[in-house]
Amino acid sequence: MTPAGRAEGPARPLKVITDVQVAAILASSIIGVGILTLPRVTTERADTGGPLATALGSLLTMGATALLALLGRRHPDENVFQLGETLFGRAVGKAMALLVVAFFIELTALASREFGEVVVTDVLPRTPLEVTILAMLLLAASAARNDVAVFGRIHEFYLPFIVFPALAIVALALKTARLINLEPFWGQGAAGLARATVLVAALLQTFFVLGTVANHTLHPERLLRPALLGTALAGFVYTAAAATALALFGRGEVVGLLWPTLEMAKAATVPGGIIERFDALFLTVWVTAVFTSLYSTYFVSATGLAQALGLREHKPFALLLLPVVYLLALLPGDIQTLYQTIFRVAEASLPLTFLWPGALLVRSLLAAYRGTDGRRGERWP
Amino acid sequence: MSLALRRAARAVAAALALASAALVTGCWDRLEIEDRAAVLAVGLDPGARPGYVRLTAQIGIPGRVPLGPAAGGGGGGGGATTGTRQTVFVTSAEGATVADAFEGLQAQLNDQIWLGQLHVLAVGEALARRGLAPYMDYFRRSPEVRRTVWLIVTRDAAASAMELAPSFARVPALFLSEMMDHAVAMGRLPVVTLGAFWNTAAMDGQTPIVPYVRAEGEHASLLGLAVLPGQCMRAVVPMDEVPALLDVIGGSRSAEVVTIPAPGRPGERLDLRAVDHSARLVPSVAGGRPHMEIFVRMEVNLVQKVGTHLFDRPDQLLAADRAAEAAVEGEIGSLIRKTQSWQADIFGFGEEFRGKEPAYWHELAQAAGGAQAGWRDAYPSLSFTVRADVHIRRTGTEDR
């Protein structure tokens, strides 16, 4: 609770997030645990159309990001939760905020559990799962106690450590890739492609974090470009991972691997044999990516909860949420239940993250059109 | 927020931070490298009891095995040839499954079995002919096993390959894996590691192949490639026919030597070594029948000439080019026909049809109740044309 935070009026949030930080926040939030399973789940649904579905899902996500960015441009002093109350009334706004928070708490929990499962399976088999999860959640929770300025800086700092090694692994794996494995690139028909696209969009939902930082940007008027850029970068990394894994393993093998991206890192060899086990480096990078994503979903949960309960500060919720998230993370009984839950929850929350910002924008535009928002004559949108 | 609540939250945070400091140091998984039994090679053979598997492991003795890439070049450093018996220890166990056999193996060891440095997985021909499928799952599921492990089929029992004692290499398992690594680097072998085997085994339009090796006593040699349709060994492509396979499936290098009769001079021979090659496959379907056009491009150097034929004018080289093209086309054609008789598409032509002729592929799968069975039946009737484009670029240090 900084002195600055206390002195602020309700209409004037902290303005600290730069354009670069907007892009960094989006990219490093979206790139998370999901990257490990993505090549498998897209291939399961769309066959060789997996990479195309990933690109399409990324485009969809860019569309939803644009909605949030346009909202942020029209309402530079309110976050997405406050806007809900302004545009749809207190009751609806608070209810929607609580719904979003509920989903993001669950998403945080599931992501931390997925992280724990990978660690316990592949790296530290004898370390209790509970400890691994708790360590990661504590890190996210303590980071989430900071204000939005720190939030922006942390994402900005970590982004290169996530993107460059990820692209390096892709480049190294490409050596043994076989292009025919990517054909036919549209897969086995529109139905599978559509289902895979929806799933990709569901895995990229962390873009919603933009709704909680848009009102803190220094230049809300040019929010659209960095926002789209950040989401596109994440989409590119996901698509590159999906395509490389498919080209490397082939459609038959990629669906047999629980975490194809991790296997890809294991198969990668550095010319000259400088690093024998590349997967260790990959996991280090990936832990960072998981952390930044958890940090964001945690931040969204805490901010939304504060708004729904009528408090201006999100910080106390960071630690208060911890036991809840922790218990939810420990809930799934086995790895198959975990993945079933992850995909169901992620797809169920799609209307919230994709349609709710759309509804807000429509309402905002309607109000402007009718002149009931008290700022007639402002340019569209 | 009230002061009391904030204090409480802070106290909780402090307690958690302290607890995490104690808990998150990774103590559970501490395992000294000396306390691991690093399995360098595993051999699988049929067990004495029916249905059982005999697992022979070559285990590095801690402190005596130079692990990692530094071990390259067959031992390195002074005093490398102090005898291989001392660097590794070979033992075996029998079990109903691979996992069961590993349990038996563990019972004979003081340290915990660790597969992180596994380099070679050898399967005796007797077991390979029965099928590898039941023995792969354990290795697939283990997070320690890398995909770059070499899976080989040994002509004799895999157990004897584990006892291999090459006189000029320090670690037998590394000798075997380097033999294959270098064969790949020289362009004598396609990349057919354990991971590649798994990838191919999961494909409908390609048959997996693995190196076929003879290893006993002090000697090991690469005999060719074992062909495993449905993961059961069916046939062997001898080493001198592997270049024809490499010409088609590509790869960055080729060490192929093409021997041709000297144009217009009966009884005289020219030996040409490939320095670069590339291939392009064009699948097509006409009247429901698959046809494959294979274009191969090679650059070769003259390495030997037996006879008096002169080579000091461009047109003489061009005439030899044509003869070499005919030779290459013939070699590729005969290998394709051979694999057709085995119903084993080791080239992956089927994958080309799957990718580029999806309608044909779909039909094939429908008719045969699965694409894999469909292609197995259709492959022998695949028609093909081979067009080779060979250029002799240099003639070594001789002018004629």
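Is P314(B) buried or exposed? In this predicted model, P314(B) is exposed, because there are 9 other C-beta atoms within 10 Å and the cut-off for exposure is 12 or fewer. The proline belongs to helix 9 of chain B, a helix that covers residues 314-342. A partner for comparison is Q304(B), which lies 10 residues from P314(B) in sequence and 18 Å from it in space, C-alpha to C-alpha.

The rest of chain B gives this residue its setting. Chain B holds 12 helices and 13 strands. Of its 400 residues, 40% are buried. When contacts in chain B with a separation of 6 or more are considered, 71% of them join residues that are 24 or more positions apart.

Chain B is split into two domains, with domain 1 spanning 33-233 and domain 2 spanning 238-394. Taken over C-alpha atoms, the centres of domain 1 and domain 2 of chain B are 32 Å apart. Where the two meet, 17 residues of domain 1 of chain B are in contact with 24 residues of domain 2 of chain B. On the domain 1 side of chain B, strand 8 (residues 219-227) supplies the largest share of the touching residues, namely 5. That side of domain 1 of chain B is made up of 10 nonpolar, 5 polar and 2 charged residues.

A backbone detail is found in the loop between strand 8 and strand 9 (235-238) of chain B, where Q231(B) sits. Although Q231(B) is not a glycine, its phi is positive, at about 65°. Q231(B) has 19 other C-beta atoms within 10 Å and is therefore partly exposed, since a buried residue needs 20 or more.

Chain A offers a counterpart in D47(A), also not a glycine, with a positive phi of about 55°. This aspartate is placed in the loop that links helix 3 (38-46) to helix 4 (50-74) of chain A. D47(A) counts as buried because 21 C-beta neighbours fall inside 10 Å. Another backbone feature of chain A is the cis peptide bond that runs from E183(A) to P184(A), with omega near -15°. P184(A) itself is part of the loop between helix 8 (148-174) and helix 9 (190-203) of chain A.

Helix packing in chain A can be followed through several pairs. Two packed helices are described by the angle between their axes and the distance between the axes. Helix 17 (residues 350-370) of chain A packs with helix 5 (residues 80-88) of chain A at an angle of about 45°, and the axes are 10 Å apart. Helix 5 and helix 17 of chain A are therefore oblique to each other. Their crossing is left-handed. From helix 5 of chain A the contact draws on V80(A), L83(A), G84(A), L87(A) and F88(A), while helix 17 of chain A contributes P357(A), L360(A), R363(A) and S364(A). Sorted by class, this contact between helix 5 and helix 17 of chain A comprises 6 nonpolar, 2 polar and 1 charged residues.

Helix 17 of chain A also packs with helix 4 of chain A, here at about 35° and with the axes 9 Å apart. Helix 4 of chain A passes helix 17 of chain A in a left-handed crossing as well. On the helix 4 side of chain A, the residues that meet helix 17 are A64(A), L67(A), L68(A), L70(A), L71(A) and R74(A). Facing them from helix 17 of chain A are T353(A), F354(A), P357(A), G358(A), L360(A), L361(A) and S364(A). The contact of helix 4 with helix 17 of chain A consists of 9 nonpolar, 3 polar and 1 charged residues. P357(A), L360(A) and S364(A) of helix 17 thus appear in the contact with helix 5 of chain A and in the contact with helix 4 of chain A.

A further pair in chain A is formed by helix 6 (residues 90-123) and helix 15 (residues 315-330), whose axes come within 8 Å and cross at roughly 55°. That angle makes helix 6 of chain A oblique to helix 15 of chain A. The crossing of helix 6 and helix 15 of chain A is right-handed. Helix 6 of chain A brings I105(A), E106(A), T108(A), A109(A), S112(A) and R113(A) to L321(A), V324(A), V325(A), L328(A) and A329(A) of helix 15 of chain A. By class, the contact between helix 6 and helix 15 of chain A has 7 nonpolar, 2 polar and 2 charged residues.

How values were computed. Residues are numbered from 1 along each chain as its sequence is written. Chains are lettered from A and ligands numbered from 1 in the order in which they are written. This is a predicted model: local features need pLDDT of at least 70, side-chain atom pairs count only at pLDDT 80 or more; totals for chains, interfaces and linings use all residues. Domain bounds come from an automatic or database domain assignment. Two residues are in contact if their C-beta atoms, placed from the backbone, lie within 7 Å. Helices (H or I, at least four residues) and strands (E, at least two) are DSSP runs, numbered from the N terminus. Ala, Val, Leu, Ile, Met, Phe, Trp, Tyr, Cys and Pro count as nonpolar, Asp, Glu, Lys and Arg as charged, and the others, Gly among them, as polar. Axes are lines fitted to C-alpha atoms, for helices over the stretch in contact, and angles run from 0 to 180 degrees between N-to-C directions. Angles under 35 degrees count as roughly parallel, over 145 as roughly antiparallel, 65 to 115 as roughly perpendicular and the rest as oblique. A crossing is left-handed if the near helix is turned anticlockwise from the far one by less than a right angle, and right-handed if clockwise.
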